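User: Please take a close look at one sheet and how its strands pair, and then at the loop residues with positive phi.

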Amino acid sequence: MARTTGILADGAIRALFAEGRLKSEAPLDADQIQPASLDLRLGSRAMRVRASFMPGPGALVSEKLERLTLHEISLEEGAVLETGCVYIVPLMESLDLPAGMSASANPKSSTGRLDIFTRVITDRAQEFDKIPAGYSGPLYLEISPRTFPIVVRRGSRLSQIRFRIGHSILGESELLALHGAETLVASEAPNVSGGAIALSIDLKGTGPDGLVGYRGKHHTGLIDVDRKAAHEVLDFWEPLYARGSGELILDPDEFYILVSREAVHVPPLFAAEMTPFDPLVGEFRVHYAGFFDPGFGHAGAGGAGSRAVLEVRSHEVPFILEHGQIVGRLVYEHMLTRPEGLYGQQGSNYQAQGLKLSKHFRPPQQRG
């Protein structure tokens, strides 16, 4: 029996464009539609604003920008976005959703791994990254680079959007049953609570040197978000290695790339999302929630053994992470239909990954 609620797959996203429910200023990029999401593209200008804002139920984003814009920047030839600043960019895509369809947005994997804080904003919004059912209007992206200054241009893709009909999140009993059948996380005793399945941190390390993660450096050069394998790792990152204690002290407001102890599996008829870690458990958080497309970690799509890469910050005080400590939770949702293509079948950057920086950095064998 066909499902009536769930996340829209790639074919249905293409249909939204054909029906005029999704619109764009330019033809779609060949790889812009993912198995369960659409990459959103920056428009031709960015407004540097005094501060982040929420439009609220009675206001348009454009009205707020008239009052808050400090400077307008053209992105046609590329432009530098500085750390510590907040920018609002109108996106090339806009929406005219039917009454029963809502959407949500998240930073792309590469965006989170560069510590670029992004949030999608709509007119009359009362929440970031949440698009209510039936919304019709433009989309804007708030961008705030936290660690590295970046170069972006018209068409750069920093965020992605999912579309859903009705309630599609698996409850606790459904999640346990799916894990029993498909092994969602490689754990003998999975921690399932609140409709989510836990991931823990790997601080034992990989390879002969026991690499456990990276800490972002300060006062670095620029990162061009559209260039793959263009930057040297050590120019931007300090490698971190395993200690005998299996501990890592997080310094306040430093940015870390770490990896889950468990491999993650997203079966073809499901999608997953990393939820922010509960701050009541400790003075740190997995910094960016993220989407996991159908087929991530799926053996049939070449993904056996795929780990979740985690972007972590400590706040206010130093905090000790210990090997095996829970650092995030995955929520699973039903797909409305099976995607035409699974994650990893079209040259995905992070299938079968272990500890891995974003695609912008050269693998060791490519260092010159």
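Analyst: The sheet comes first, followed by two loop residues.

This is a predicted model, in which local features need pLDDT of at least 70, side-chain atom pairs count only at pLDDT 80 or more, and totals for chains, interfaces and linings use all residues. Residues are numbered from 1 along each chain as its sequence is written, and side-chain values use heavy atoms, with hydrogens and water left out.

The sheet is open and antiparallel, and its five strands run in the order β14-β15-β26-β21-β23. Its edges are β14 (192–193) and β23 (290–292), each of which pairs on one side only. Strands here are DSSP runs of E with at least two residues, numbered from the N terminus, and two of them pair if DSSP finds at least two bridges between them. In general, the strands of a sheet pair through backbone hydrogen bonds, either parallel or antiparallel.

Within this sheet, β15 (residues 196–200) pairs with β26 (residues 326–334) in the antiparallel sense, over four bridges. Ala 198 has Arg 329 of β26 as its bridge partner.

The loop residues are His 219 and Ala 229. His 219 lies between β16 (211–216) and β17 (223–224), and its phi is near 55°, a positive value in a residue other than glycine. Ala 229 sits in the loop between β17 and β18 (237–241); its phi, near 50°, is also positive in a residue other than glycine.

As for accessibility, His 219 is exposed, with a relative accessible area of 83%, while Ala 229 is partly exposed at 24%. Exposed means over 50% relative accessible area, buried under 20%, and partly exposed in between, with a 1.4 Å probe and protein chains only.
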